[in-house]
Each structure stands twice: as C-alpha cells, then as structure tokens.
Amino acid sequence: MSGKADLAAVTTYFGLPWPQLNEGLTYHDIVRPTDAGLTLIEFYFRKYKNSAPLQGWLQRIQNKQITIDGKVVVLPDTELRAAAELVYHRLPWREPDAPYLLEVLFEDDYLIVVNKPSGLQVLPGGLYQQRTVLTQLQWHACKLTTTSSGCQKTHPVPVHRLGRGTSGILLCAKTKLCKSRLAAYFAEGTSVVEDKYTNSECNTMRKICKIYRALVSGVMDMDEVVIKQPIGTIKYPGVAKGLYVASPSGKPALSSVHVLERDSENNCTLVQVEIQSGRPHQIRIHLSFIGFPLIGDPLYVSGGQPKCFHPELMDESFEKDGGYQRPENPVPGDCGYNLHAHQICLIHPITNELIKITAPLPAILQTREEREASQPNSS
C-alpha cells in the first residue's frame, strides 16, 4: 500500500464563505431554421417548459430579461427569424444555505480528494448554481494562482457525484488525462455489472473500490446481503429528467451490504455498503428496496419507491423570477439521512500506485467500539 495516501499530520481545509446573492445565469440560444416563425413566448415555453410556466416566461420577457441579437425585447409575440441570437438573463438570487469548507484528504499534482460535507451540492443544478463543490474548487485554484494573468484556465473538477445529503470522499481531477482515466474506472465498474459477472469476479476486475457507511431503519437479520435490483427512472414532479427508482426494466446495479452493528432499542442498523456500480442514489434505493430505508430519508421508502407521488398535483405557481416554486413532493437533493463515503481504494490513474483514502466518520455512523476509541481518555 502506498504511503502517499496517508493523511497529513495537519488537517487542511479550504473554502470561502458564500456571497448573499449569486451572479445570476445567462442562457444563449441560436434560432434553428425549424424554429423560425415561432413567437418569442412560444420558443421559450416549448424549449424550457421545465424552467417556468407560461405566465412565468411572460413575466421574464416583460421584465426585460431577454434579448434578440443584443436588443431587449418585451413583446412576447415577437416573431423569430432563423439564426437569431437569443439571450435570457436569469436574475441573481439567494441560494439555500450550504456549508462551504472542504477538508483535503489527499493531494498530488494530478488529483485532489476532498471530504464533502452533507448539504453541499457537487455540481450546479436547480437552485444551487454557485454554492457547489465545483465553485469552491474554482475559487481555490484562483487563490493559488501566482501569475498576473488572473485565474488558471484549468482547475480541479469532480469526476463523480455524491448526493447533496451524502458526505465523504469526492475525487477531483487536476488534469484532463487524470479525469479521463478516472472516468474510465467508474465506467468499467458499471460495465462489469452490466455483463453480469459474479460479485467476486467484479471485485477482481475493478480498479476502484468505494465503501460507504449508512444508518438504516429496522434491525437487519442478515449479516451480509447482495442486492442486484435494477434502477430506472419514472416521471416525477420537480425532477426534469425523471426520478431514479427500483425498476425491473432499469439498468443493472449491484450493492454488497455488511451489517456492522444492530440497535434493537432504537430499531436501526449500522451497515457498510460497497457498490460495484454507480447508479444515481443507488444505496438509498437498494437499501429501501429490501425494506431498510435510510433513517431520515425524505424520499425513498420500502420497495425503492418515492414516499409520496402525486404527478397530477403539479403546482403552476411561480417565484419572483418566473420559475416554478419548489415542489411540495420530496426531491432527491433533500437531506436528512446519514450516508457517508468512508473509504476508497484505487489504482492511481497516473502513477499506477495503489492508494487507500479514508474520510473520518460522523459520530452517528461510528460503531460503539469506534466511538470509545475516539474518546480523548481512551487507551
């Protein structure tokens, strides 16, 4: 095992506090020949229906937030011509609260591995366009730049995702080569599962291994369980591309669960989960599918399905900027559960060294023995 992956003697953090408002967003479009002749309101409502209801887009047009070829247009019935350049300026807004400090677990010239706190989104999406890990990585790269030309053109980027409510290890690549090779690692792991190899065969063929800790509702009788339930999507309010759920027609997914500690008094079980594939929300879906959803999970219940699902109750009301209000149904980014990416073993994508990285466990995800060992007076 390479010693380079060991934690430094002094824990390193980076991160800047979030400004009160973000910088807003700018969306660019070129009118295609097939869209020529549409009115401005028809174009935006058809193409970006998931962004705002009809009245919301009318408000944005009348609020002078859209230009055609550089000129503000306030008439929704303006007819569009082919090749016209449309720009929609989304106004700055205050994003929901999110932590900003990131702990560095490992770093070299090619890779930086951080401990992501629960509540921080990895990449921009929805209401979180600035308050993300990606933004902090960009700001950190700018701060480290010593040239007078300003920020670096390249900066570390996450190569995989963790749910906003999930904490723990996040791999970020500093170079294009490192990024492409790490992406290949994850893709290879998923393809091995799709080819229906056995669990032990998957273990020997992978270049990366991820281990999580989770606290589930209920007392599991089994010491070990392998879950092979496919994961697919369904139409769901507030999730434009569909919600991932347990589905017999979905894509193959494989999770190996090991019980660490049972708590009959509080009706919960502490488990370790190793995932062989990387489907979105895989652990939450798989554990709920077998009847042991994560404690505090606002979305998934037994069976790997959403807690409440009323597609007919779509709310057409909108916010001050014209966009839809937050849906009443729970959505995947909602927090409240305890899931932590605890350990990762991988072949370094550039040096080919075997490295093992560990993210410290939250107290609630420690076994009794681990909690006792972490006490200052413990021997």
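The following paragraphs lead from the chain as a whole to the strand pairing around E18 and then to one pocket.

The model is predicted. Its protein chain contains seven helices and 19 strands. Of the 379 residues, 46% count as buried. Among contacts with a separation of 6 or more, 66% link residues 24 or more positions apart. The accessible surface of the chain amounts to about 19,600 Å², and carbon and sulfur atoms hold 53% of that area.

Strand E18 (residues 339-347) offers a useful point of entry to the strand pairing. Strand E9 (residues 167-173) runs parallel to E18 and is joined to it by two bridges; Ser-167 has His-340 as its bridge partner there. Strand E10 (residues 208-217) runs antiparallel to E18, with seven bridges between them. His-340 is also the partner of Arg-213. E18 further pairs with strand E19 (residues 354-358), in the antiparallel sense and over five bridges. In this pairing Ile-347 lies opposite Leu-354. Six residues separate the two strands of this hairpin, where Asn-352 adopts a positive phi near 65°.

The second largest pocket has a volume of about 220 Å³. Its lining includes Asn-22, Glu-23, Gly-24 and Leu-25, together with Pro-124, Gln-129 and Gln-130. Leu-134, Thr-135, Gln-138 and Trp-139 also line the pocket. Helix H3 (residues 133-144) provides the largest share of the lining, four residues. By class, the lining comprises six polar, four nonpolar and one charged residues.

Conventions:
Residues are numbered from 1 along each chain as its sequence is written. This is a predicted model: local features need pLDDT of at least 70, side-chain atom pairs count only at pLDDT 80 or more; totals for chains, interfaces and linings use all residues. Side-chain values use heavy atoms; hydrogens and water are left out. On a 1 Å grid over the protein atoms alone, a cavity is a set of points where a 1.4 Å probe fits but cannot get out, and a pocket is an open set with protein on both sides within 12 Å along at least five of seven lines; lining residues have an atom within 4 Å of a point. Grid points are joined across faces, edges and corners, and a volume is the space filled by probe spheres set on the points. Ala, Val, Leu, Ile, Met, Phe, Trp, Tyr, Cys and Pro count as nonpolar, Asp, Glu, Lys and Arg as charged, and the others, Gly among them, as polar. Buried means under 20% relative accessible area, exposed over 50%, partly exposed in between (1.4 Å probe, protein chains only). Contact means heavy atoms within 4.5 Å. Accessible areas come from the Shrake-Rupley method with a 1.4 Å probe; for residues, only the protein chains shown count as cover. Two strands pair if DSSP finds at least two bridges between them.
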